[in-house]
Amino acid sequence: MKKITLLLFTLLGIFLTAVPVLAQGGDAATAAANSAVGVKAIAAGVGFAIAVFGGALGQSRIGAAACEGAARNPGAAAKIQTMMILGLALIESLVLFALVIVFIKT
């Protein structure tokens, strides 16, 4: 009985949240323009999420490789750390470039 009540309240909440959308009227041209802007914003968000995911994946692989390299050859740890920081900075700059593109396009 509790599951059915919870399900009914959930459906009621979703319906009440969606009601204001049904109450709004407007021009077809305005709706089409707003739709295009909305689609651009969603596409920019998805594209940026992909860029961030790729950047995080690359940074984690660089960090793991640097730790492994320093563990195998402690004498070269300073050089490895320098190259790791350079690689991390380049990857982060690509992610920030994607963020700038998102702000320009939306």
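**Order of elements.** I traced the chain from the N terminus and found its elements in the order α-α-α. My tally for the chain is three helices and zero strands. I note at the outset that this is a predicted model.

**Confidence.** I looked up the pLDDT and found a chain average of 85. I also recorded that 86% of the residues score at least 70. Comparing the elements, I found the lowest mean pLDDT, 80, in α1 and the highest, 91, in α3. I keep in mind that coordinates should not be read in detail where pLDDT is low.

**Burial and surface.** I checked how many of the 106 residues are buried and obtained 9%. For the exposed area of the chain I noted about 8,400 Å². Carbon and sulfur atoms supply 76% of that area.

**Helix α1.** I placed Leu12 in helix α1, which covers residues 2-23. I then asked which residues form a nonpolar patch on the surface with Leu12. I found Phe9, Phe15, Leu16 and Val19 in the patch with Leu12, and together the five have about 500 Å² of accessible area. Leu12 itself has a relative accessible area of 42% and is therefore partly exposed. I note that this value lies over the 30% that patch members need.

**Helix α2.** I searched for salt bridges and found one in the structure. The partners are Arg72 and Glu68, and I read 3.1 Å between their closest N and O atoms. I located both residues in helix α2, residues 28-72. Arg72 and Glu68 are four residues apart there, about one turn of the helix. I recall that side chains of opposite charge can pair when their charged atoms come close. I next asked whether each partner is buried or exposed. Arg72 counts as exposed because its relative accessibility is 68%, over the 50% cut-off. Glu68, at 44% relative accessible area, is partly exposed.

**Helix α3.** I compared the span of α3, residues 77-105, with expectation. Its 29 residues reach 42 Å from the first C-alpha to the last, close to the 42 Å expected at 1.5 Å a residue. I then asked which residues of α3 are buried, and listed Gly87, Ile91, Val95, Ala98 and Val102. Ser93 also belongs to helix α3. I entered Ser93 as partly exposed, because its relative accessible area of 37% lies between the 20% and 50% limits.

**A pair distant in sequence.** I asked how far Ser93 is from Gly55 in sequence and in space. The two are 38 residues apart in sequence, and I read 9.5 Å between their C-alpha atoms.

Conventions. Residues are numbered from 1 along each chain as its sequence is written. Side-chain values use heavy atoms; hydrogens and water are left out. Helices (H or I, at least four residues) and strands (E, at least two) are DSSP runs, numbered from the N terminus. Buried means under 20% relative accessible area, exposed over 50%, partly exposed in between (1.4 Å probe, protein chains only). Accessible areas come from the Shrake-Rupley method with a 1.4 Å probe; for residues, only the protein chains shown count as cover. A salt bridge is a side-chain nitrogen of Lys or Arg within 4 Å of a carboxyl oxygen of Asp or Glu. The expected span of a helix is 1.5 Å times one less than its number of residues. Patches are made of residues with over 30% relative accessible area and no salt bridge: like charges are joined within 9 Å, nonpolar side chains (Val, Leu, Ile, Met, Phe, Trp, Tyr) within 5 Å. pLDDT is the predictor's confidence in each residue, from 0 to 100.
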